[in-house]
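Got the model open in your viewer? Here is a short walk through it, one selection at a time.

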Amino acid sequence: MKLTASLFWKRALPYFLIAPGVIFVGLILIYPMISGIISSFFTQHSLTASDRTFAGLEHYRALFSDSIFTGAFWNTLIWTVGVVVGQYLVGLAVALLLNEDIPGRGIFRSLILIPWIVPMIAAGLTWKWIYSSQFGILNYVLMKLGIISGPIDWLGDSTYALYSVLAVSVWKGIPFVAVVLLAGLQSIDREMYEAANISGANLWQRFWYITLPSLKGVSLVIVTLTIIWSFNQFDLVYLMTKGGPSNSTQLIPVYSYLNAFNFFKMNYAAAISTIGVLMLSVFAIFYLKKNKED
């Protein structure tokens with residue numbers, strides 16, 4: 001009997017240990033997500049939870065005839081691809097540089113973290129001033145260099161607004177990508193490079209056949225995290241443009257927020273968020289499949 005009880009507790013202990021974490025994740029993440037998905041199939045008539053009627057796919061049908069949502073959908077794809085590619089390429093370049101034995105390497109490794117540790121609200125407001133058409137330093141420098149003839153309204157012109165905010169997001173995320181890739185670079189066996197040198201491989205060949213394959217695992221993690229973070233990014237866009245001008249920087253998270261708290265269309269906002277969850281789920285399935293293959 002004692003042996004049975006001992007065996008039971010031995011097997012049950014891991015589940016008891018992870019139970020608080022599972023409950024916390026369930027209450028904070030899973031329950032609100034399921035509640036939001038269910039809400040998207042109803043129409044709320046008042047603040048009373050029971051005062052609602054079943055709407056079926058009505059909100060989803062309205063979404064696909066909503067030109068603002070269609071624009072937000074494509075903006076979100078452009079935004080996500082741009083941020084992920086920009087952060088990875090620049091982060092990789094910075095990591096390669098900081099991996100070399102250059103003077104002041106320790107100082108540069110510390111300074112590269114500055115964009116990451118700056119609070120998002122401070123970064124957003126600072127860059128709004130930098131981009132200002134009247135007082136911004138960016139226009140001043142570009143005009144002094146003769147690149148532009150007059151000030152550009154970077155955040156007020158729909159031609160530039162999305163890419164201007166996108167550049168800030170790339171700047172903000174470079175430190176994380178660079179630090180993680182730098183850790184990956186330092187784990188590569190130096191003897192592989194020495195053997196390649198002896199074989200006569202040039203710099204590009206060493207990078208293509210040794211560095212990149214060795215960073216495959218860490219790169220997959222970085223790309224996955226940056227896709228999730230950039231796809232769900234709300235704060236920076238809302239701080240800098242609130243989705244304008246003319247909805248040119250409207251993203252799915254921003255449009256969902258505006259519908260919920262500006263237009264008080266909670267169920268419609270839930271439908272928008274559900275579409276976002278489905279889009280991320282497709283990528284998550286691809287990632288899990290790829291990770292399992294590797």
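Start by selecting Ser 169 and showing whatever surrounds it. Leaving out residues up to four places away in sequence, Ser 169 touches Trp 79, Val 83, Gln 87, Gln 233 and Leu 236. The residue sits in helix H8. Keep in mind as you click around that this is a predicted model.

Is Ser 169 buried or exposed? Its relative accessible area is 3%, and the cut-off for buried is under 20%, so Ser 169 counts as buried.

Stay on H8, which runs over residues 161-186, and pick Ser 164. This serine is also a buried one, because its relative accessibility is 4%. Which residues are in contact with Ser 164, neighbours within four places in sequence aside? They are Tyr 131, Trp 154 and Leu 155.

Next, the pockets. For the largest pocket, select Met 33, Asn 232, Ser 273, Thr 274 and Val 277: of the 25 lining residues, these lie nearest the centre. The elements that give two or more residues to this lining are helix H1 (2-39), helix H13 (252-262) and helix H14 (266-293), so try colouring each of those helices in its own shade. Which of them gives the most? That would be H14, with nine residues. The volume here comes to about 660 Å³.

Now colour the lining of the largest pocket by residue class. You should find 19 nonpolar residues and six polar ones, with no charged residues in the lining.

Move on to the second largest pocket, which holds about 300 Å³ of space. To bring up its lining, select Leu 96, Asn 99, Glu 100, Leu 185, Arg 190, Tyr 193, Asn 197, Leu 203, Arg 206, Phe 207 and Thr 211. Two or more lining residues come from each of helix H9 (190-198) and helix H10 (203-214). The largest share is from H10, which provides four residues. Which classes turn up in this lining? Five residues are nonpolar, three are polar and three are charged.

The last stops are about the backbone, so switch the side chains off for a moment. Some background for what follows: most residues other than glycine have a negative phi, and most peptide bonds are trans.

Zoom in on the peptide bond from Gly 244 to Pro 245. This bond is cis, with omega near -5 degrees. You'll find Pro 245 in the loop between helix H12 (235-240) and H13.

Asn 247 belongs to the loop between H12 and H13 too. What is the phi of Asn 247? It is positive, about 60 degrees, although the residue is not a glycine. Turn on the surface and you can check how far Asn 247 is covered: at a relative accessible area of 34%, it is partly exposed.

Finish at Phe 264, in the loop between H13 and H14. Here is another residue that is not a glycine but has a positive phi, this time of about 55 degrees. Is Phe 264 buried or exposed? Its relative accessibility is 63%, and exposed means over 50%, so Phe 264 counts as exposed.

Conventions
Residues are numbered from 1 along each chain as its sequence is written. This is a predicted model: local features need pLDDT of at least 70, side-chain atom pairs count only at pLDDT 80 or more; totals for chains, interfaces and linings use all residues. Side-chain values use heavy atoms; hydrogens and water are left out. On a 1 Å grid over the protein atoms alone, a cavity is a set of points where a 1.4 Å probe fits but cannot get out, and a pocket is an open set with protein on both sides within 12 Å along at least five of seven lines; lining residues have an atom within 4 Å of a point. Grid points are joined across faces, edges and corners, and a volume is the space filled by probe spheres set on the points. Ala, Val, Leu, Ile, Met, Phe, Trp, Tyr, Cys and Pro count as nonpolar, Asp, Glu, Lys and Arg as charged, and the others, Gly among them, as polar. Buried means under 20% relative accessible area, exposed over 50%, partly exposed in between (1.4 Å probe, protein chains only). Contact means heavy atoms within 4.5 Å.
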